[in-house]
Amino acid sequence: MKTFTSLLTIVFAILIAIPSFAQSPATSPAGVSLGTAAQATGATGQPPNPEEMMKQMMEMSKLNENHKLLADMNWNYSIKMWMSPDPNAKPQESKGTATRKSAMGGRYAVMDVTGKMQMPGEDGKMKDMQFKGMGVEGYDNVKKKFVSSWIDNMGTGIQFSDGTYDPATKTLTYTSEIEMMPGMKTPVREVLKLTDKDHMMFEWYETRGGQEKKTMEIAYTRAGKK
């Protein structure tokens, strides 16, 4: 009942705030056009009427080629992390699994990640700890950007990222900002290259002191493949 009431509230708010939504959709990163009836009306300088606004909202909810990039898949992964300030230090390495499933009729993909990570224990010695993470990915037709969120058992915050897709290189690039300690905000760039249907490579870059450095790399292989 609460969810249904919230939906009615959202629709009502859209209808009474039409001028705020009068915008002209452009071409998405993957080359998908999102032309609507409201776009033509907006070109005249007049806001669309409620019927046209509803048509635009329904158009924006449709799936397109961008959403097909977020396919269901089970992965095995190998991860490398450069945690030491010593540039010559070897990276920490571990393995795990990731399951990606579609949600909301293919509009989103939910990835569940399980693995191990070397972390200092109460005695200060490094030991294996179970790592759990979950990401939600999608393509926002309104923003014309890929969007994602991430949570894991190593923190209490939620990371929000957005980015674009380059079909020539089959690469998704996201940007975000993380705050692992109070006041210590770090710009992040994430690069996910869709190598082929069985492999993908993820790279994580952090900017500290004005210098960008790769601190993590994950090689994904589809379960059952080499």
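Is arginine 189 buried, partly exposed or exposed? At 29% relative accessibility, arginine 189 is partly exposed, because that value falls between the 20% limit for buried and the 50% limit for exposed. Please keep in mind that this is a predicted model. The notes below start with the barrel, then turn to glutamate 190 and to some of the charged pairs.

**The barrel**
- The fold has 10 strands that close into a barrel, in the order S1-S2-S3-S4-S5-S6-S7-S8-S9-S10, with antiparallel pairing.
- From one strand to the next, the twist averages 25°.
- In general, strands of a sheet pair through backbone hydrogen bonds, in a parallel or antiparallel way.
- For one such pairing, look at strand S5 (residues 145-152) and strand S6 (residues 159-166), which run antiparallel and are joined by five bridges.
- Valine 147 has aspartate 162 in S6 as its bridge partner.

**Glutamate 190, a charge without a salt bridge**
- You will find glutamate 190 in strand S8, which spans residues 184-196.
- Glutamate 190 is buried and has no salt bridge.
- The nearest side chain of opposite charge belongs to arginine 189, 10 Å away; a salt bridge needs the nitrogen and the carboxyl oxygen within 4 Å, so this pair does not qualify.
- The side chain of glutamate 190 does have a polar contact of 3.1 Å with the side chain of glutamine 159.
- Beyond its neighbours within four places in sequence, glutamate 190 touches several residues, among them Ser161, Leu172, Tyr174, Phe202 and Trp204.

**Arginine 189 and its partner**
- Side chains of opposite charge can pair when their charged atoms come close.
- Arginine 189 forms a salt bridge with glutamate 212, with the closest N and O atoms 2.9 Å apart.
- This pair links distant parts of the chain, as arginine 189 lies in strand S8 and glutamate 212 in strand S10 (residues 211-222), 23 residues apart.
- Glutamate 212 has a relative accessible area of 41%, so glutamate 212 counts as partly exposed.

**Other salt bridges**
- The structure holds 10 salt bridges.
- Lysine 197 and aspartate 198 meet through their side chains in one of them, at 3.4 Å from N to O.
- Lysine 197 is exposed at 57% relative accessibility, whereas aspartate 198 is buried at 12%.
- Lys197, Asp198 and Arg222 are joined into one network by salt bridges that share partners.
- Glutamate 206 and arginine 208 also form a salt bridge between their side chains, at 2.5 Å from N to O.
- With 8% relative accessibility, glutamate 206 counts as buried.

Conventions
Residues are numbered from 1 along each chain as its sequence is written. This is a predicted model: local features need pLDDT of at least 70, side-chain atom pairs count only at pLDDT 80 or more; totals for chains, interfaces and linings use all residues. Side-chain values use heavy atoms; hydrogens and water are left out. Helices (H or I, at least four residues) and strands (E, at least two) are DSSP runs, numbered from the N terminus. Buried means under 20% relative accessible area, exposed over 50%, partly exposed in between (1.4 Å probe, protein chains only). Lys and Arg count as positive and Asp and Glu as negative; His and the chain ends are not counted. A polar contact is a pair of N or O atoms within 3.5 Å; within protein, one must be able to donate a hydrogen and the other to accept it, and residues adjacent in sequence count only if both atoms are side-chain atoms. Contact means heavy atoms within 4.5 Å. Two strands pair if DSSP finds at least two bridges between them. Axes are lines fitted to C-alpha atoms, for helices over the stretch in contact, and angles run from 0 to 180 degrees between N-to-C directions.
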